[in-house]
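Trainee: I am new to this structure and would like a close look at a single part of it, taken slowly. Could you choose one helix, show me what it packs against, and then lead me outward from there?

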Amino acid sequence: MPRKVNRGVDYDEAYDSYDDYDYEDDNDYSVDSPAKVEEPQQKVKKLWSCSICTYDNEEGMSVCDICGVIRNPVAGDFKNSNKKTAAFKFDAPSPDDMVSTRLQSSKLNTQGMFFFFVLIAVCCLDFNHSETFHGSSGSIEGHNSLKKGILSGQLSDEASGSSNPLKIEGTQGNADDDFSGQKQTAPASNFGKMSLSDKPGNSNALDSRKHKSTAEYHPDKWMLPDKANDTLTQLNLAIVGHVDSGKSTLSGRLLHLLGRITKKEMHKYEKDAKIQGKSSFAYAWALDESPEERERGITMNVAVAYFNSKKYHVVILDSPGHKDFVPNMISGATQADAAILVIDASNGAFEAGFDGSKGQTREHALLIRSFGVEQLIVAVNKMDVVGYSKDRFDLIVTQLGTFFRSCGFKESCILWIPLSAVENQNLVAAPSDARLLSWYRGPYLFDAIDSLQPPARDFAKPLLMPICDVTKSSSQGQVSVCGKLVAGALRSGLKVMVMPSGEVGTIKSLERDSQSSAVARAGDNVTINLQGIDLSNNVMPGGVVCHPDYPVAVARHLELKVRALEELAVPILNGSQVEFHIHHAQAAGKVAKILSILDPKSGKETKRSPRCLLSKQSAVIEVVLNTPVCVEEYSNCRALGRASLRAMGRTIAIGIVTRIIQ
Ligand code: GTP
Ligand code: MG
């Protein structure tokens, strides 16, 4: 049974049509062999070398015959120039890549990127992923320590109406204390450092395929939902969108209106925000808890909060919109069943967010679609700034609508809601402002959430829980891991295997929404306290908690079906360095081979062994990762089979794992 009904990247319908690059010359060409032997007759011709792929083009060509990049007007005749142009590789990390992957910063990088963007020269830079970046954002320690295993804050008694949203923390903030107030002794470290144990007992880590087939699995009765007691379905709702579009303000206002933030708490946020000269961020402060977030006025880590609607127990995942924190956004949004994409309607702001090269609207929309999110509420926020103009709203709907269709969102699964978080228009009740009331007849946000279709869950499959966060307590000999169950169920006393180390531990206790719980099932976000696991061992974000008889696969060589994004600045080549993201795992690696280009409509192969993959093309590729990741083929488990590739601080391709090549 699929995790979600009709979810996933639909390669047959989803993609735009594109013109496959028509290569006239089928001779082998590799950027890995810059010392290309030229034919004698070519030597007499005047050639210019492409600054991106180094192909030697004839003088008359104004764009590169191979990758389509415009001839560099400044560099002139590269053949006669003393300037050496190196082949571009996706190994010049952006500052945010360095932050998120702990890459060593280099002064060369910024310069190299500048030259890359102006197409004068491209630097091949050292991609040393094992070192730590000590930049201004040094508190962010690698993707898998983005969420460090603590849920700070406690939801107080609902009856009292007092609540604080919980935060999936990075290494900064109050990362020293776990949710139970215990001192944290071992920081969650980088997945890149995760190694497969060579202990004999752990040999199953890489060899998981010899375990039982899931067809043999029969769930116990307690694992299936108890209709009598489980009245509300859990809905994980990612709040995404461009920086400053008002995601946290909208989330904070919604929580306040629904009684999840008390008047007293709100008063404190207002007072504190005013003292810091950030009055307009008062509602956002309910979600942005760390001093750095508050000072900078941006969300850095995904904040988690809860409220109940008529139909759902809604878990809000308020994502950061700033481009430097896309890896954090990915980590949170992979858990989403549906999403609210927040758009800033103000003049210039919508345009900036929608801008392909700088804005995050497109990237976030594509990413959530690639995570299998099909249902989207588009909250067109800050309508107060544009006088609740219908024309402005319509323009945004028209422009975004076309883009969403190209991402694979079905029109019938998108709800458009004009609103103002600051002026409380159209959030939990119909609008009161006459300007909006005069033309808008649709649902308000809270109602729209209830109109979403309930997500399908894999209750009857063996347990799979990708680890989002880890906290270790040596005093208690305990490891707490949290994440969303993508399949199966959990309860105290159950033996589970933690991959990729293959260690088996016992669940001592578990919590849902920071309340202790007897059972958790597919779709639930939980924190489980494990005993019997070696604390020094590699239990860390990006790992997966599994049924001991049905461990997840662990691999570093994968075949993927991907779609290169429109924003792809330079072609993907054999050997291109990429940052691979899958559920909460991240690994550096390279595109080992582009096997074929696919027709985006039919999915049929149109070209075998192409030289490069261009923007908007679909392809089958092989990637080889520097470190193994827990992964499943998409056909076995959608949540563990969706991947994205990033480079230069941007998502360059999204796709699915079609084959695990051991
Ligand atoms: P990041 O998390 O950093 O991406 O930002 P965000 O999308 O969470 O935006 P945030 O909620 O921090 O709000 C950014 C600014 O927009 C704040 O000054 C808010 O007061 C303002 N803002 C949010 N919603 C509205 C609105 O409806 N109207 C107006 N006028 N301003 C708003
Ligand atoms: Mg925010």
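Mentor: Let us begin with helix H9 and its neighbour, helix H10 (residues 390–407), whose axes come within 10 Å of each other and cross at roughly 35 degrees. Please keep in mind throughout that this is a predicted model. The crossing in which H9 passes H10 is right-handed, and the residues that meet there are Thr361, Arg362, Ala365, Leu366 and Arg369 on the H9 side, with Leu400, Phe403, Phe404 and Cys407 on the H10 side. Sorted by class, the residues of this contact of H9 with H10 comprise 6 nonpolar, 1 polar and 2 charged.

H9 also packs with another helix. Helix H7 (residues 326–333) and H9 (residues 361–370) have their axes 10 Å apart and pack at an angle of about 30 degrees, which makes H7 roughly parallel to H9. The crossing of H7 and H9 is right-handed, and in it Val326, Met329, Ile330 and Ala333 of H7 meet Glu363, His364, Leu367 and Ile368 of H9. The contact of H7 with H9 is made up, by class, of 6 nonpolar, 1 polar and 1 charged residues.

It helps here to recall a general point about helices: an α-helix has 3.6 residues a turn, so residues three or four places apart point the same way. With that in mind, you can look again at the H9 residues that meet H10, among them Thr361 and Ala365, and then at those that meet H7, including Glu363 and Leu367.

How many residues of H9 are buried? The count is 10 of 10, so H9 is largely enclosed by the rest of the structure. The buried residues are Thr361, Arg362, Glu363, His364, Ala365, Leu366, Leu367, Ile368, Arg369 and Ser370, a list that takes in charged side chains such as Arg362, Glu363 and Arg369. Just after H9 comes glycine 372, with a positive phi of about 95 degrees.

From H9 we can move along the chain to lysine 382, which is found in the loop between strand S9 and H10. Its phi is near 60 degrees, a positive value in a residue other than glycine, and lysine 382 is partly exposed, having a relative accessible area of 24%. Asparagine 426, in the loop between strand S10 (414–418) and helix H11 (434–437), likewise has a positive phi, of about 75 degrees, although it is not a glycine; asparagine 426, however, counts as buried, at 0% relative accessibility. As background to both, most residues other than glycine have a negative phi, and most peptide bonds are trans. The second half of that statement is worth remembering when you reach methionine 499 and proline 500, which are joined by a cis peptide bond with omega of about 10 degrees; proline 500 lies in the loop between strand S15 (495–499) and strand S16 (503–512).

Strand S9 leads us to another helix, H4, since the buried residues of H4 pack against strands S5 (233–240), S6, S7 (312–318), S8 (338–344) and S9 (376–381), and against helix H12 (445–450). H4 is mostly covered, with 9 of its 11 residues buried, and Ser248 is one of those buried residues. Ser248, through its OG atom, and Thr299, through OG1, are the protein donors of the magnesium ion (ligand 2), lying 2.0 Å from it. Because serine 248 lies in helix H4 (residues 247–257) and threonine 299 in the loop between helix H6 (291–296) and strand S6 (303–308), the pair ties together parts that are 51 residues apart in sequence. Both serine 248 and threonine 299 are buried. Just after H4, glycine 259 has a positive phi of about 80 degrees.

Helix H12, for its part, takes us to proline 455, which lies in the loop between H12 and strand S11 (464–466) and counts as buried at 8% relative accessibility. The C-alpha atoms of proline 455 and alanine 336 are 9.9 Å apart, although their positions lie 119 residues apart in sequence as a separation.

Finally, to set the part within the whole, the protein chain has 12 helices and 29 strands, and 60% of its 662 residues count as buried.

Conventions
Residues numbered from 1 in each chain as written. Chains lettered and ligands numbered in written order. Predicted model: local features only at pLDDT ≥ 70, side-chain atom pairs only at ≥ 80, totals over all residues. Heavy atoms only, no water. Donors = N, O, S within 2.8 Å, 3.2 Å for Na, K, Ca; no water. Helix = DSSP H or I, 4+ residues; strand = E, 2+ residues; numbered from the N terminus. Buried < 20%, exposed > 50% of the residue type's maximum accessible area, 1.4 Å probe, protein only. Axes fitted to C-alpha atoms, helices over the stretch in contact; angles between N-to-C directions. Parallel < 35°, antiparallel > 145°, perpendicular 65-115°, else oblique. Left-handed = near helix turned anticlockwise from the far one by under 90°. Contact = heavy atoms within 4.5 Å.
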